[in-house]
Amino acid sequence: MRIRRELAIFLVVGFMLSGCTAQKAPPSDNSTQTDEAVDTNDIDGGKPWINSNLKENVINVGHLSEKDDYYIAVNYDWIMGHDIPEGSPSYSSASVLRSEIEEKAIAAMEDDTLTGMDAKLVSYMYHSFLDWDSRNENGLKPLEAIVKYIEALSDIDAVSEYTCSPQRPELVSTVIKIENKNDLLDSTKYVTSVEFNDLLLGDSSEYSERSPIGQIQDDENRKLFSSIMVRMGYSQEESDKIYDASMEYETQLAESVYSYSDYSQPDIYSKVLNYYEPDEMYALTSEFPMKEFIKGRGYDNAKRFYSAEPEALKKISGMYTQDNIEGIKGYMIVHTVIASAEYLDRQAFEAAITADNNINGATGILSDKHYAYTAVRSALPDSIGKMYIQKYDPSETKKTLTQICKDIVAKYREMLKEEEWLSDETKQLAIEKLDAMKINVIEPGEYLDYSDLKLDNQSYFDIQKAIKDYEHELDLRNTNGTVNKNLWPASTLETEAFYSPTNNSINVMLGILGDDFYRNDMSKEQLYASIGTIIGHEISHAFDPSGAHFDKNGDMKDWWTEEDLAAFEERTAKLIDFYDGITVFGDVNVIGSNVKGEAVADMAGLKVVLSLAEKEEEFDYQEFFESYAKIWKLILTYEYSYSLVLGNPHPLNYLRVNTVVQQFDEFTETYNLEGGDGMYLAPENRVSVW
C-alpha cells in the first residue's frame, strides 16, 4: 500500500489522514519479516474487544453475545464463512459491491456499440492494457530511455535544465511538483501550489523511526526497483547505489517534512496557510531554479503561489547543490521506476503486484481483466463513469437517493437547533452552512474534458504518459481561473460517498449502491442503517474537526464563537482520549487524533438517523442495529490492519460498530445492557461530539 504524501496534504481540508503518535511497536518480532507469513498465533487480540477484523482472533474467541461484543455477535457466521481472496488484503461488504460494479464495467468496456470520446478512450486503454504481446515486445525500453537520460545528467545545471524543461514528461517524478489547487481562503478560485513532491515511504516519521510496515515497504520497494534496473543491464551493486542515494536524500529532506501526525494536530490549519507573491517564492527557494521551473512547466502567469510546507521547499533549496546531485537524480529515477513498473511488460507488472501484495500481506494475482479495469478507473475516472452511465441508466435510483439526502439534511437541521451546548450565533451559521450544502448523487460534480486527448497507436506505457501530460495541459488552463467544481476527482464507480469541505458538497457514488448498502427491497430499518447512516456520516463531516474550519462557501474561515469552539475542542479531546485507550493488538493502540474526524462523523451519522427513526411507528431497533453492523463486516490481513492503524483516518471496522452503537440509549435499551456487559458504556463516559 503506497500511501502518497499528497493525500495527507489534501486531507487537511478533508478527512485528515493523520499519523503515528502512538508507539509503533510490532505485535511480534516476526512482523518485520517479508519472506514469510505472520504467525497469527502470536497476535494479542486487543481490548476492550479483540480486533475481530482479523479472522484468527474470532476463531480463538468463538461466537460472543450481543452484550459482550456486538460486532462479532452479528457478523460471526459471515466471518467464519469467508476468507480473504487471493490478490487482496481484505474482504468486506464493499468487496461484493466492487465485484458487481467491476463485472458490469468490464461488460461496458467490451461493448463496441457505446459511442462518444469517453467510450473510445476507455475502450482503447482497456484493450491496450490487455495487449501483452505488444507490451512484452516493448519490454522496458520506454522507461529505460528515461532512466538512462537522467543518469547521464552530469552536473546540477544539467539536472536543472531537465527538471525545468517543458518537454519533461509529467510521468517523471521530480522533488518539487507544481499544480493548481483550490484556494483555501477563496473557494471560487484556484491558486498555484508549489510543494515537495513525495516520500517513498509516505510518512516522514518513517525516516527517523521505522515501523515494521515501513520496513516491509522499504524492502519491497528496493526489490521492485532492483528487479527493473537489473533487467535494464545495471548490476545489483549499481542498483543498490542509486536506491541508497535516493533514500539518504529523502532521509535528510524528511527532517523538514510534516508527518502524518503533524497533519492531525489542531494547529495545522494555521501552519498550512502560506501564500507568496512570485518574488517571495523565488526568495524562499533561492538556491533552486524556481523561476525557471515555474516558467518551464507553464505556470509563469500565476499571480500568487501557495505552499503547505515551505520549510520542505527551503530544505530542498538548501540541498540543491552539486554535492547532492546523486541523491537528486536517484530520487527521480527510483520514484519514476517504481511508479512506472505496472505500465511495462508482464514481468515488470507482476513484480509490482508482488511488491504490493507483500506490503499488504496479500497473496496471488487476479485476472488480467480485473487489473485492466482498475487501471482504466484510476487513469480515466470521469470517462469510465460516463461510459458506465451510458450503458446502465441510474436515473431512477438517483432521484430516490437525492430525496433521502434531502430528508436527512432536514433532520440534521433540527438536530443542530436542539444542540444545547451551541450558542444561537453559531447555530445559525451552522444551519446556513447546511442549507448551502450541495448534493451530488451518482455523478461527482463537473467532468474533466478529454475530448482532445489522442491515444491512437501507442504503447500502454505511452498511454499513461499521454494522460498525465494531457491532465497537466488541462491544469494550466485553470491558472488564476475560476475553480472547477469537480474538487475530488473520483470515479462514479467508487464504492464510497464523501464530503468535500472546500466545495461544501456531499457526493454519493454509484459504486456504493447494492448488497448491504442499498437495495430497492430494503425495509425502513435496513435503509436507515445502511445508506442513511452513510449519508448522515458525510453531512457530519461539515462539522467534524476538519470541516468545522470551513464556512458555507468552502472557505477556510473562523465562523464559530470563541466559547463554542472551545467547547467543541473539549468534546473532541474527550473522544480522542477514548480512542487512545483502545488496544488493537499487542502494544498497538488506536491513535485518537488520527481517527477523530471519522469517529465524530460515524457517531453523528447514527444519531441523525436515530432521530428520523423516532417518528416511525413500530420501528425495529434490533433489525436496525444488526443492519448497521453488517455494512461494516470486514476481514483483513495482519499487515494491512497494522497499516490502517498507523495511517488511515478511519477506525477499524469493528470499532466503527462497537464504539459507535454504545453511545446511544436506543442500543442500551434494545439489548438490556448494564454495568459489567462488554458493550455497556455509562452515559457519563460517552464521547459523541454531536
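The questions and answers below concern a predicted model.

Reader: How are helix α3 and helix α25 oriented to each other, parallel or perpendicular?

Author: The axes of α3 (residues 70-80) and α25 (residues 621-631) come within 9 Å and cross at roughly 75 degrees. Angles of 65 to 115 degrees count as roughly perpendicular, and therefore the two helices are, to each other, roughly perpendicular.

Reader: Which residues of α3 meet α25, and how many residues of this contact are nonpolar?

Author: From α3, the residues Tyr70, Tyr71, Val74 and Asn75 take part, and they meet Gln622, Phe625, Glu626, Ala629 and Lys630 in α25. Sorted by class, the contact of α3 with α25 holds two charged residues and two polar ones, while the number of nonpolar residues is five.

Reader: Which strands are at the edges of the open sheet with the order β6-β8-β7?

Author: The three strands of this open sheet have mixed pairing. Between β7 and β8 (residues 505-509), which run antiparallel, there are four bridges, and Ala497 stands opposite Val508 in β8. An edge strand pairs on one side only, and this is the case for β6 (438-442) and β7 (497-500).

Reader: Is Glu618, in the loop between α24 and α25, buried or exposed?

Author: Phi of Glu618 is near 50 degrees, a positive value in a residue other than glycine, whereas most residues other than glycine have a negative phi. A residue counts as exposed if its relative accessible area is over 50%, and because the value for Glu618 is 79%, Glu618 is exposed.

Technical notes: Residues are numbered from 1 along each chain as its sequence is written. This is a predicted model: local features need pLDDT of at least 70, side-chain atom pairs count only at pLDDT 80 or more; totals for chains, interfaces and linings use all residues. Side-chain values use heavy atoms; hydrogens and water are left out. Axes are lines fitted to C-alpha atoms, for helices over the stretch in contact, and angles run from 0 to 180 degrees between N-to-C directions. Angles under 35 degrees count as roughly parallel, over 145 as roughly antiparallel, 65 to 115 as roughly perpendicular and the rest as oblique. Contact means heavy atoms within 4.5 Å. Ala, Val, Leu, Ile, Met, Phe, Trp, Tyr, Cys and Pro count as nonpolar, Asp, Glu, Lys and Arg as charged, and the others, Gly among them, as polar. Two strands pair if DSSP finds at least two bridges between them. Buried means under 20% relative accessible area, exposed over 50%, partly exposed in between (1.4 Å probe, protein chains only).
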